[in-house]
Amino acid sequence: MTGTYPLDGEVGGRLLSVLPPLLVLRRGDLDADLVSLLAREMAHDRPGQEAVLDRLLDILLIGALRAWLDRGEAPGWYRADADPVVGHALRLMHHEPATAWTVESLARSVGLSRAAFSRRFTELVGEPPMSYLTGWRLTLAADLLLEPGATVGSVARQVGYGTPFALSAAFTRVRGMSPTAHRERAGAA
């Protein structure tokens, strides 16, 4: 079975960048009931079939990604999500990027000292907490900047930068181009 997904955006690109060019799954790697249901649905042309197939393929893709990630080849940030401490901190950063997080406030939120949290986070994720948070915020910003009506100021507030200038400076430093240049480049693509 072969499928394609059009995927735009930087957030999805974080996962795509770590995937192998080809992923082969063997019988038993996926839920057999799901595969059977998909085969049955494909065999009969019925009203609503396209919508059902779309949802089943989404679930199949998620299952395939989970199977690959569970093989132990997953990036640090994925494996760290299972850790009760670092996983909680990652979810806080992902769900509340506009919060003025510091290593101290994250450590307090997960019940560790600043040093113990920073050490554990860096060991499991592969980079320090604030470095990860910066990368996450700028990834979100890159996608948000492409939304109609978005301004550098509105995006800055959504991703935790106090001013448009602060976002622009961080974006340019890390990504090598200004938010405006990013938007223009994406528009030309």
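**Entry 1: a surface patch**

I began at the surface, where Y5, L57 and L61 form a nonpolar patch with about 250 Å² of accessible area together. I note here that I am working from a predicted model. I then looked up L57 by itself and found this residue in helix 3, which covers residues 49-73. With a relative accessible area of 34%, L57 is partly exposed, and that value lies over the 30% that a residue needs to be taken into a patch.

**Entry 2: the whole protein**

I next recorded the overall make-up, which is 11 helices and zero strands, so that the pattern read along the sequence is α-α-α-α-α-α-α-α-α-α-α. The C-alpha trace spans about 55 × 45 × 30 Å along its principal axes. Of the 189 residues, I have 32% down as buried, and the accessible surface comes to about 11,600 Å², with 56% of that belonging to carbon and sulfur atoms. I also looked up how far along the chain the contacts reach: among those with a separation of 6 or more, 58% are between residues 24 or more positions apart.

**Entry 3: the largest pocket**

Which residues lie nearest the centre of the largest pocket? I found L23, L60, L61, A64 and L65 there, out of 43 residues that line the pocket. The elements that give two or more residues to this lining are helix 1 (10-16), helix 2 (32-43), helix 3, helix 4 (76-80), helix 5 and helix 8. Helix 3 gives the most, with eight residues. For the space in this pocket I wrote down about 1,600 Å³. I marked L61 in particular, since this residue belongs to the surface patch with Y5 and L57 and is also listed among the residues nearest the pocket centre.

**Entry 4: helix 6 and what follows**

I turned to helix 6, residues 103-110, whose buried residues are V103, S105, L106, A107 and V110. Those buried residues pack against helix 5 (86-95), helix 7 (114-125) and helix 8 (129-144). The helix also carries a salt bridge, between E104 and R108, with the closest N and O atoms 3.5 Å apart. The two residues are four apart in helix 6, and are therefore separated by about one helical turn. E104 is partly exposed, with a relative accessible area of 38%, whereas R108 counts as exposed at 57% relative accessibility. Just after the helix, I noted that G111 takes a positive phi of about 80°.

**Entry 5: salt bridges between separate elements**

How many salt bridges does the structure hold? I count four, and besides the one in helix 6 I looked at two others in detail. In one of these, the side chains of R175 and E10 meet at 3.1 Å, N to O. R175 lies in helix 10 (residues 164-175) and E10 in helix 1, so this pair ties together parts that are 165 residues apart in sequence. Both ends are partly exposed, R175 at 28% relative accessibility and E10 at 30%.

In the other, the side chains of R120 and D83 meet at 2.9 Å, N to O. R120 belongs to helix 7 and D83 to the loop between helix 4 and helix 5, so the pair ties together parts 37 residues apart in sequence. Is D83 buried or exposed? At 14% relative accessibility D83 counts as buried, because the cut-off for that class is under 20%, while R120 is partly exposed at 30%.

**Entry 6: T139 and its surroundings**

I followed the R175 and E10 pair to T139, a residue of helix 8. Leaving out residues up to four places away in sequence, T139 touches E10, V11, R14 and R175, and these contacts include both partners of the salt bridge between R175 and E10. T139 counts as buried, at 6% relative accessibility.

**Entry 7: P6, before helix 1**

My last look-up was P6, which lies in the segment before helix 1. P6 counts as exposed at 80% relative accessibility, a value over the 50% that sets the exposed class. I also checked the separation of P6 from T134: the two are 128 residues apart along the chain, and their C-alpha atoms are separated by 27 Å.

Conventions:
Residues numbered from 1 in each chain as written. Predicted model: local features only at pLDDT ≥ 70, side-chain atom pairs only at ≥ 80, totals over all residues. Heavy atoms only, no water. Patch = residues over 30% accessible without salt bridge, like charges linked within 9 Å, V, L, I, M, F, W, Y side chains within 5 Å. Areas by Shrake-Rupley, 256 points an atom, 1.4 Å probe, with all protein chains shown as cover. Buried < 20%, exposed > 50% of the residue type's maximum accessible area, 1.4 Å probe, protein only. Contact = heavy atoms within 4.5 Å. 1 Å grid on protein atoms, 1.4 Å probe; cavity = no way out; pocket = protein on both sides within 12 Å on 5 of 7 lines; lining within 4 Å. Points joined across faces, edges and corners; volume = space filled by probe spheres on them.
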